[in-house]
Amino acid sequence: MSETVLMKGNEAIAEAAILAGCRHYFGYPITPQTEVAAYMAKKMPKIGGTFLQAESEIAAINMVYGVASTGHPAMTSSSSPGISLKAEGISYLAGADLPALIINVQRGGPGLGGIQPSQSDYFLATRGPGHGDFHVLVFAPSSVQEMADLTGRALHLAWKYRMPAMLLADGTMGQMMEPVNLPEPSNAFGDDNPWAATGTEMKRPHNIITSLDLSPENLEKQNFERFERYKKIEESECLWEEYMMDDAEICIVACGITARVSRNAIVEARKQGIKVGMLRPITLWPFPKKALAAAADKVNAFLCVEMNMGQMKEDVELAIRCKKPVELCSRVGGMIPTPDEVLEHIRQIAEGGNKA
Amino acid sequence: MNHKRLTLFAGHYGSGKTNIALNYALWLRSQGLKVTVADLDIVNPYFRTKDGAEQLKAAGVRLISSDYANSNVDLPALPGEAYSLVDDKSACGVIDVGGDDRGALALGRYVPGIREENDYEMLFVLNKARPLTRNIDDALEVFYEIEAACALPFTAIVNNTNLGPLTKAEDVIAGERFAQEFAERVKLPVKMSCASEKLSAELQNKVSNFFPIQIMQLYYMEKEGTSLGKINL
């Protein structure tokens, strides 16, 4: 590990991507993620990389497609409305089995919404952001350190599985400053990628990068193969944190900034004698279903704390097959729940449980 | 510590300008002075001087800030009221300039008045733990870019080397050495070294002109001493 530095979440993403070997960034400014682009604009020219402010979000994601086709890691970043614009390009990347890193520092929506933080792109990210049958890897950092660590991980897994990966942060995570230990520089991408369009030199057949297939039989086969790969990812790449879960009777499920708010509420609830813990999904796709199903056998109830209208709650209910009640504490539109609001929900569940 | 009628805090974004500006204003007020703070940040949409509005009001410090700060309107607008800072010479003014050259650009329109009165300090806030000001050359780049953007030369350096909640006394001391080395390069003095008031006892005689600051707490951050759970893969 290198020396500790003090960074904004957005800067940590940019620096971590560079340290992981990414030398191509394409983007278009939007609050609250503009520091990613600003940092890249300062740093990339100094290290022989490419920073390019595209004419639009759509252009930027298609530039990522172009670089990825040549076997080099590439990334783009935006915030919610900009990610909607990129959806078509993400679908094309998935259809062409290309690796890419997409950063989404979420803000309140729908539509133009606002510039304050939100987690309301949960569905968009976890259901495959675009048309067709596909998934992207989704990571939900909860500290500036994780912004750095998960950026590197997302790039490497995108490469390993040849699929797009999304870092799903929120405006608070992007803007807040915390100490970070940056990882050592690495470059696991290699020059020899047998699938990449690098020129045949008349020695091999063409590598054709496309999402178009005119034969339905072939296209079906590709879809089946892709979902075989997804199955393996679901088995091996789930990442989650368990906090005070050993004797917990109530399990909070929260990711990103709401997990931090919840941690304060849990500490307070424990002081009041309420046995509450937290299962924090770090990968949102693949979703830690098995860990939640195991928790459902131990706890009496779940409480989702989200900055959306209960999008992750649906995944929790699916994961636990509705075995236990799942309650919701949510704020939207750029508002962040307070520890007291979360505590109040915990208390209501605990009291309800006693009556039963 | 001496002060001028106007004190301007500029520097790399995230160097700590807003926190120091708030604390400096409260310090001036504690000397019985009439004080106004102006938030001229047109760059940063989050974490603004306005976050400290209640504290300033309670202390009797006037705050000039964009009506749009901390709202959903991402408008880089400056309030017309900000001119009063330059014109009303009966009050001390503390100006929180936006980060980097882009933030300092907005200061330019007030510079003719500030120069004419010539009773100001223009302070370069420096945090060695920020990745783009970790060495003298990188910090010099930021320093000259800001001067060029607002056309107001710096008059002194402020050491604000910190790692947030992990800051130790030795970080501040090392930061002061760095600030002194930097100050020699630009031929200016180091005005003060800032750190959380929690480090007061440790730093009192270790740095010259120690300026203790109260750090704005964000409610959604974990309270001190909260640990992480077990991470599973």
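## Strands 6 and 7 of chain B

How many bridges join strand 6 of chain B to strand 7 of chain B? In this predicted model, the count is three, and the two strands, residues 156–159 and residues 190–196, run parallel. If you would like a landmark, look at B:Asn159, whose bridge partner in strand 7 of chain B is B:Ser193.

## The sheet around them

These strands belong to an open sheet of eight in chain B, with parallel pairing and the order 3-2-4-1-5-6-7-8. At its edges sit strand 3 (62–64) and strand 8 (210–213) of chain B, each pairing on one side only. On average, neighbouring strands of this sheet are turned by 25 degrees against each other, direction ignored.

Helix 6 (residues 136–150) of chain B packs on the sheet, where it touches strand 1 (6–11), strand 5 (120–126) and strand 6 of chain B. The direction of this helix makes about 145 degrees with that of strand 5 of chain B. Helix 7 (residues 169–186) of chain B lies across strand 5, strand 6 and strand 7 of chain B, and runs at about 165 degrees to strand 6 of chain B.

## The nonpolar cores

Now for the largest nonpolar core, which has 125 residues. Among the members that touch the most others are A:Met75, A:Phe302 and A:Val342. Helix 6 (residues 144–161) of chain A gives the largest share, 10 residues. Domain 1 (4–200 + 223–236) and domain 2 (242–355) of chain A each supply at least three residues.

Another core, of 35 residues, lies apart from that one and includes B:Leu8, B:Ile64, B:Ile95 and B:Ala179.

## A closer look at A:Val342

Beyond its neighbours within four places in sequence, A:Val342 is in contact with several residues, including A:Ile252, A:Ser262, A:Cys329 and A:Pro337.

Note on methods:
Residues are numbered from 1 along each chain as its sequence is written. Chains are lettered from A and ligands numbered from 1 in the order in which they are written. This is a predicted model: local features need pLDDT of at least 70, side-chain atom pairs count only at pLDDT 80 or more; totals for chains, interfaces and linings use all residues. Side-chain values use heavy atoms; hydrogens and water are left out. A nonpolar core is a set of buried Ala, Val, Leu, Ile, Met, Phe, Trp, Tyr and Cys residues joined through side-chain atoms within 4.5 Å. Buried means under 20% relative accessible area, exposed over 50%, partly exposed in between (1.4 Å probe, protein chains only). Helices (H or I, at least four residues) and strands (E, at least two) are DSSP runs, numbered from the N terminus. Domain bounds come from an automatic or database domain assignment. Contact means heavy atoms within 4.5 Å. Two strands pair if DSSP finds at least two bridges between them. Axes are lines fitted to C-alpha atoms, for helices over the stretch in contact, and angles run from 0 to 180 degrees between N-to-C directions.
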